[in-house]
Amino acid sequence: MRHCDLTFSYTESSGGIRRYIDQKRNYLLENTDHEHIIIVPGEKDAIEKSGRLTTYRIASPVIPGCAPYRFFWRPSKIKEILNISQVNIIELASFYMCPWAAFSYRKTQIQRGKNCLIAGYIHTDIADAYVGAPLRNVLAEGLGSRSRIFKRLGLRIAGAAETGVEEYIASILKRCDLVIAAAHAQANRVREYGINHVEIVPLGVDLNQFHPRRRNLTLRADLGINTTDPIFIYAGRLDSEKHVRTLIEAHAQLAEKINAHLVLVGNGPLLDELTYLSRREPRLHILPFQRDIALFSGLLASADVYVTAGPHETFGLSVIEAQASGLPVVGVNAGALRERVVDGLGFLAPVDNTAVMSDLMLRAYNERLQLGANARRHVEKHFSWEATFSTLFELYESKYYKSKKCVLA
């Protein structure tokens, strides 16, 4: 069996999606005789082969304002690679150019009397996080400063744009043989698109790599933080849809009460702005994306509380990595965070309510030992990569072999 992932979210600084694909490859190598192909946009056309693993990069332009991410713009090249690779199962994590190449390939395979299964795995709520929410912020707030009429106009424009994207993504998902979400919240969101049957396959965590024993006081010293000072940490894309500025403001309010430090780990459009702020605020620390998992897991375990303010999480992989590291979590009452941060593991604040978030950060710090121990036990019980991929591949193989032919695009 040849499995293929099609995504633009696989770069040197990618977080959750890259972690998921890398772990999938490890699982395939250790537990099956299957092959894995990944097709991603890159600086130039390139092929990397390592045993049963192959990576194809297709020369593609950088997405403006989102470097190093690039977007596919040569669907014919994608189909050419699929034909060369003769893949059996394609997992889509990008929903613009690449699905049409995959559907065309599947149609050709069926015409040849061969089977091909296509799954759409929803890792990101594109319509809300990247279209609706940003437009509401820009149009509704910008126009709303002039009058209520303009604000309503802005909200209508944002709503229409978000609906348009939802309809487009729905048209893609309806052509897929399987639709997969990592959390119930995202599955419900997809059902709003008119997609009724959604399989839920939660992501996992490396329970040995992300562990409280990774706590390292030397890492604190390297940041110039005393061993007794509270550390709040966030890891993820430094972008507006993650509401990172909310964390900055909540930390500023908390820092008036205790000598708290905030560590933000990641890359993104806000990196320069946040780096500038950190030069003026010694208790704000900005670290680049950590490709070294050992170093990253050490950073998590060496902190006291994990914080996140993004309301658009479709699963929250960094949250369960923090919980596996023995940290309580303070998040927002939205999206999949409601599933990740249940009673006894941390607290949820209203979206963008910095005063409440600041209070909950202090409370989580004061109760960190009990909450952190609860979080570790919870993740041990419910999340592992082995469970993720045994479920995923059983689902794929069952669907693949039961289906004599797949839906034509």
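**Exercise 1. Count the helices and strands in this predicted model.**

Solution. The chain has 15 helices and 14 strands. Next, burial: 53% of the 409 residues count as buried. Then contacts: among those with a separation of 6 or more, 65% join residues 24 or more positions apart. Last, surface: about 18,000 Å² is exposed, and carbon and sulfur atoms supply 51% of it.

**Exercise 2. Place threonine 308 and decide whether it is buried or exposed.**

Solution. Start with the location. Threonine 308 sits in the loop between β12 (305-307) and α11 (317-324). Now take its relative accessible area, which is 2%. The cut-off for buried is under 20%. Threonine 308 is therefore buried. Finally, list its contacts, leaving aside neighbours within four places in sequence. They include Tyr234, Leu247, Val332 and Met357.

**Exercise 3. Trace the salt bridges that involve helix α1.**

Solution. Take lysine 24 and aspartate 5. Their side chains form a salt bridge, 2.8 Å from N to O. Lysine 24 belongs to helix α1 (residues 16-31) and aspartate 5 to strand β1 (residues 2-6), 19 residues apart. Both residues are buried.

Now take arginine 19. Its salt bridge partner is glutamate 321, with the closest N and O atoms 2.7 Å apart. Arginine 19 is in helix α1 and glutamate 321 in helix α11, so the pair ties together parts 302 residues apart in sequence. Arginine 19 and glutamate 321 are both buried.

**Exercise 4. Classify glutamate 48, a salt bridge partner of arginine 57.**

Solution. The closest N and O atoms of arginine 57 and glutamate 48 are 3.2 Å apart. Glutamate 48 has a relative accessible area of 40%, so it is partly exposed.

Methods: Residues are numbered from 1 along each chain as its sequence is written. This is a predicted model: local features need pLDDT of at least 70, side-chain atom pairs count only at pLDDT 80 or more; totals for chains, interfaces and linings use all residues. Side-chain values use heavy atoms; hydrogens and water are left out. Helices (H or I, at least four residues) and strands (E, at least two) are DSSP runs, numbered from the N terminus. Buried means under 20% relative accessible area, exposed over 50%, partly exposed in between (1.4 Å probe, protein chains only). Contact means heavy atoms within 4.5 Å. Accessible areas come from the Shrake-Rupley method with a 1.4 Å probe; for residues, only the protein chains shown count as cover. A salt bridge is a side-chain nitrogen of Lys or Arg within 4 Å of a carboxyl oxygen of Asp or Glu.
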